[in-house]
Amino acid sequence: MTSDRLTVHEGAAPLIIGLPHTGTTIPAAIEARMSSPWLARKDADWWVDRLYDFARDMGATTVRTALSRSVIDVNRDPSGASLYPGQITTGLCPLETFDGEPLYRPGQAPDAAEIEERRAAWFDPYHAALQAQIDRLQAKGPLVVYDAHSIRSVAPRLFAGELPQFNIGDNDGATCAPQLTQAVEAACAVSGDSLVVNGRFKGGWTTRHYGRPQVGVHAIQMELADRGYMREPAEGLTPENWPSPYEPDRAETMRRHLRRILNACITFAESRT
């Protein structure tokens, strides 16, 4: 299934990959109210859909929205509740970038009624598609929902220092069997790069909402530091240097690591049948 906002590829393997933040589409009427087209797209999970495009050949199902997270973030609690109380984070319809820059011109931010309209128009269809794929595969047995993300290695407003390369989240063990987290952690460790489980990123709304290991739906989030597959400017980000282009040769090592990680997810699910 493909539309101008949503793309679903159905596979037979017991693995669904969510791609909630790779989109950069912003409806023209909304973009006209924003402070900067570049700022509105600055915090996308750059190139993550390309990074994982091999997953279809492994039999994985993918669900991707083309819509920018600045319009509506499909990995946030639709009630507006914070996933990380007490910590800075962006909301369902973000008003600021990760660096605190305003996304809208004065007086142009969406009100509660518009946020609800965006939720109905774009958030709900994404999750209806994701749920439909979970239902389809769950009829055959246990499955893994793998939510794929990336972020800059350094974002001082969100976290201190440099982020580990691999950031695995299962909401402190609530969203999947421990054996899945252990398998993913072991697959990451082979790379020799830094990793953490349930560090700054414990899993967004997708992981927390769908992860029901007691009924065979195991959800896990992977947040990659961008430096593992793309160039991060040494100086501050500008429209001239960000995003840096996708370089297949540079990304190939990370793709090998990710293939191993996804294979661990599939092997785990098949072992639970």
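A cavity, as I'll use the word today, is a set of grid points where a 1.4 Å probe fits but cannot get out. Hello everyone, and please keep in mind that what you see above is a predicted model.

Let's begin with the empty space. Rolling a probe the size of a water molecule over the atoms shows where such space is left. How many cavities of 30 Å³ or more does a search of the whole structure find? There are 3 of them.

The largest cavity holds about 200 Å³ of space. Its lining is made up of 19 residues, and those nearest the centre are Arg69, Arg76, Phe98, Phe201 and Glu223. Two elements give two or more residues to that lining, namely strand E4, residues 143-151, and strand E7, residues 217-225. Of these, E4 gives the most, with 3 residues. If you sort the lining of this cavity by class, you get 6 nonpolar, 8 polar and 5 charged residues.

Now for the second largest cavity, at about 70 Å³. It is lined by 13 residues, with Ala40, Asp43, Arg69, Ser70 and Leu103 closest to its centre. Here the classes come out as 6 nonpolar, 3 polar and 4 charged. Do look at Arg69 on the screen: it is among the residues nearest the centre of the largest cavity, and it is also among those closest to the centre of the second largest.

On to the pockets, which are open. The largest pocket has a volume of about 200 Å³. Which residues line the largest pocket? Going along the chain, they are Lys42, Asp99, Glu101, Arg152, Ser153, Val154, Glu232, Pro233, Glu235, Gly236 and Leu237. That lining splits into 6 charged, 3 nonpolar and 2 polar residues.

The second largest pocket, at about 170 Å³, takes us to a part of the fold I'd like to spend some time on. Its lining includes Thr7, Ile17, Leu19, Tyr52, Thr62 and Arg64. Strand E2, helix H3 (48-51) and strand E3 each supply at least two of the lining residues. By class, this pocket has 4 nonpolar, 2 polar and 5 charged residues in its lining.

So let's look at those strands. Strand E3 covers residues 61-65, and 4 of its 5 residues are buried. On one side of the pairing list we have strand E1, residues 6-9, which runs antiparallel to E3 and is joined to it by 4 bridges. Strand E2, residues 15-19, also pairs with E3, this time in the parallel sense, again over 4 bridges. Thr62 is a handy landmark here. In the pairing with E1, Thr62 is the bridge partner of His9, and in the pairing with E2, Thr62 stands opposite Ile17.

Ile17 deserves a closer look. What does Ile17 contact, leaving aside its neighbours within four places in sequence? The answer is Tyr52, Ala55, Ala60, Thr61, Thr62, Val63, Tyr146, Ala148 and Leu262. Ile17 also belongs to the largest nonpolar core, which has 80 residues; together with Tyr52, Tyr146 and Met222, it touches the most other members. The element that gives the most to this core is helix H7, residues 248-271, with 10 residues. As general background, nonpolar side chains tend to be buried together in soluble globular proteins. So Ile17 is a member of that core and also part of the lining of the second largest pocket.

Before I finish, a few backbone details. The peptide bond from Trp242 to Pro243 is cis, with omega near 0 degrees. You'll find Pro243 in the loop between E7 and H7.

Then there are two asparagines with positive phi. Asn171 has a phi of about 50 degrees, although it is not a glycine. It sits in the loop between strand E5 (166-169) and helix H5 (178-189). Asn198 has a phi near 55 degrees, again positive in a residue other than glycine, and its place is in the loop between strand E6 (195-197) and helix H6 (205-210).

Are these two asparagines buried or exposed? Asn198 counts as buried because its relative accessibility is 17%, under the 20% cut-off. Asn171, at 23%, counts as partly exposed.

That's my tour, and I'm happy to go back to any part of it. Thank you!

Conventions. Residues numbered from 1 in each chain as written. Heavy atoms only, no water. Buried < 20%, exposed > 50% of the residue type's maximum accessible area, 1.4 Å probe, protein only. Pairing = 2+ DSSP bridges. Core = buried A, V, L, I, M, F, W, Y, C linked by side-chain atoms within 4.5 Å. Contact = heavy atoms within 4.5 Å. 1 Å grid on protein atoms, 1.4 Å probe; cavity = no way out; pocket = protein on both sides within 12 Å on 5 of 7 lines; lining within 4 Å. Points joined across faces, edges and corners; volume = space filled by probe spheres on them. Nonpolar A, V, L, I, M, F, W, Y, C, P; charged D, E, K, R; others polar.
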